[in-house]
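Colleague: Got a minute to walk me through this one? I'd like to start with the aromatic rings.
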Amino acid sequence: MRTRLSLATLALAFASLSFAADSWPGFRGPTADGHSPSKNPPTKWSEKENLAWKTEIHGKGWSSPVVLGDQVWVTTSDEVLDPAPPKKKGGPPANPVKEVSLFAIGLDRKTGKVLHDLKLGRVLNPQYCHPFNTYASGTPFLEEGRLYAHFGSLGTFCIDTHTGKTLWERLDFKCDHFRGPGSSVAVYGDLVYLIFDGADLQYVVALDKKTGETKWKADRKIKYGPGPADGDHKKAYATPALLKVGNQDSLVCPSAECTIAYDPNSGAEQWRFAHGGMNGSLRPVLANGLLYATSGSSGKLFALKPDMLKGEVPKDAVVWQAAKGVSVRPSPIVVGNLLFMAADNGVATCLDATSGKLHWTERLDGEFSASPVYANGNVYFCNQIGKTFVVKAAASYELLAENRLDGGFMASPAIAGDELFLRTKTHLYAIGKK
């Protein structure tokens, strides 16, 4: 008999595995909101200062590092290019990649030594992936003895982290990502949750994490507005979030046009909030008695009343909304009654999380794709040219440090214990004492 999920059960599971204190198991950390309980993470570093180790990662991948025990894992992809891809009319350009191999790489947490470099799959003539994206942009999930690595419709794999053996794989889920995959895997209780929001098909699935067997599948059934015939306006890249919304557990899954919540055990739809926009990718956050969600490319942030999230959510469920400085790629982070975000163009903003009132806005530098993280009173923002801005989590702007590493950040950082794990386009770093 399958165990039903509850947040109390999950909290106990997290505590028993020391998730909260010394690990970063999946996208946006142990509580899925970018927070770390670390009490003494570094705030200053460089290629020579506070560098515990630096390891080159082959291939191309924007997935974030995940950390548990004495291991750190990332995924990546190696591409074989076609020297003369055929010309194509309409839709995305002809794919310059004629072959892609998918990898999971496990490293020793103390030394950065590569323990496993596992080739999980090889795909000939893969669907097109925009150069800004990668075939390995989805962050895996790590738990004791197992890694769940997700590459969108190219495949999902469960790995034994001790032996490197593939325990199960799923290669049968189809969708046209149009510009490449981006959703991360989520694991709660005994289920693995995946979102497939393509230009052609849009659905959510739950798998038995022990066997990979499908437990339920829910088609999105979204009524899309007018858009390109190729379906570009239908795609999204979001990661599921299990939240206690009102009096029920909800698997909240953003998409193009709307955000939809499902019963995490059955896949039955609970509610949907129409907000417009495509390319939805930001994970919802529940704090201060409000649910914070964004609209993707249309650049709106909404604070919603949880007790009004039923069926077709009415407009008056919106307590406040913002349309300036809202990020499309980096997720917002809520610290107490403050909400922080870095827009894609490098403008950072702090809002009152209960009212939406603007506290401050500052231009940092460069462009941003990585989601910020929080620890010990500070917010860490990483940009695409390798800079990390450490900003005090306060209602007045205070820049504590500006750090630079070689290479740029597309992946979001991880914090475990008193170490930062930062992935640039070429290397994985452990920032802290050797």
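**Rings, a loop and a pocket**

Modeller: Sure. Tyr-188, Tyr-193, Trp-216 and Tyr-262 are linked into a cluster by ring pairs. Keep in mind that this is a predicted model.

Colleague: How many aromatic pairs are there?

Modeller: The count is 15. Take Tyr-292 and Trp-320: their ring centres lie 6.2 Å apart and their planes meet at 55 degrees, so this pair is tilted. Tyr-292 sits in strand β19 and Trp-320 in strand β22, 28 residues apart.

Colleague: Is Tyr-292 buried or exposed? And Trp-320?

Modeller: Tyr-292 is buried, at 2% relative accessibility. Trp-320 is buried too, at 6%.

Colleague: What about Trp-360 and Tyr-397?

Modeller: That pair is edge-to-face, with 4.9 Å between centres and 65 degrees between planes. Trp-360 belongs to strand β26, while Tyr-397 is in the loop between β29 and β30. Trp-360 is buried at 6% relative accessibility. Tyr-397 is partly exposed, at 27%.

Colleague: New topic. Where is Asn-95?

Modeller: Asn-95 is in the loop between β3 and β4. Its relative accessible area is 15%, under the 20% cut-off, so Asn-95 counts as buried.

Colleague: What does the side chain of Asn-95 reach?

Modeller: The backbone nitrogen of Val-97, at 3.2 Å. A polar atom of that Asn-95 side chain also lies 2.7 Å from the backbone oxygen of Pro-126.

Colleague: Last one. Which residues lie nearest the centre of the largest pocket?

Modeller: Asn-133, Gly-182, Tyr-237, Ser-281 and Arg-329. The lining has 29 residues: 11 nonpolar, 14 polar and 4 charged. The largest pocket holds about 680 Å³ of space.

How values were computed. Residues are numbered from 1 along each chain as its sequence is written. This is a predicted model: local features need pLDDT of at least 70, side-chain atom pairs count only at pLDDT 80 or more; totals for chains, interfaces and linings use all residues. Side-chain values use heavy atoms; hydrogens and water are left out. On a 1 Å grid over the protein atoms alone, a cavity is a set of points where a 1.4 Å probe fits but cannot get out, and a pocket is an open set with protein on both sides within 12 Å along at least five of seven lines; lining residues have an atom within 4 Å of a point. Grid points are joined across faces, edges and corners, and a volume is the space filled by probe spheres set on the points. Ala, Val, Leu, Ile, Met, Phe, Trp, Tyr, Cys and Pro count as nonpolar, Asp, Glu, Lys and Arg as charged, and the others, Gly among them, as polar. Helices (H or I, at least four residues) and strands (E, at least two) are DSSP runs, numbered from the N terminus. Buried means under 20% relative accessible area, exposed over 50%, partly exposed in between (1.4 Å probe, protein chains only). A polar contact is a pair of N or O atoms within 3.5 Å; within protein, one must be able to donate a hydrogen and the other to accept it, and residues adjacent in sequence count only if both atoms are side-chain atoms. Rings of Phe, Tyr and Trp (its six-membered ring) pair if their centres lie within 6.5 Å; planes under 30 degrees apart count as stacked, over 60 as edge-to-face and the rest as tilted.
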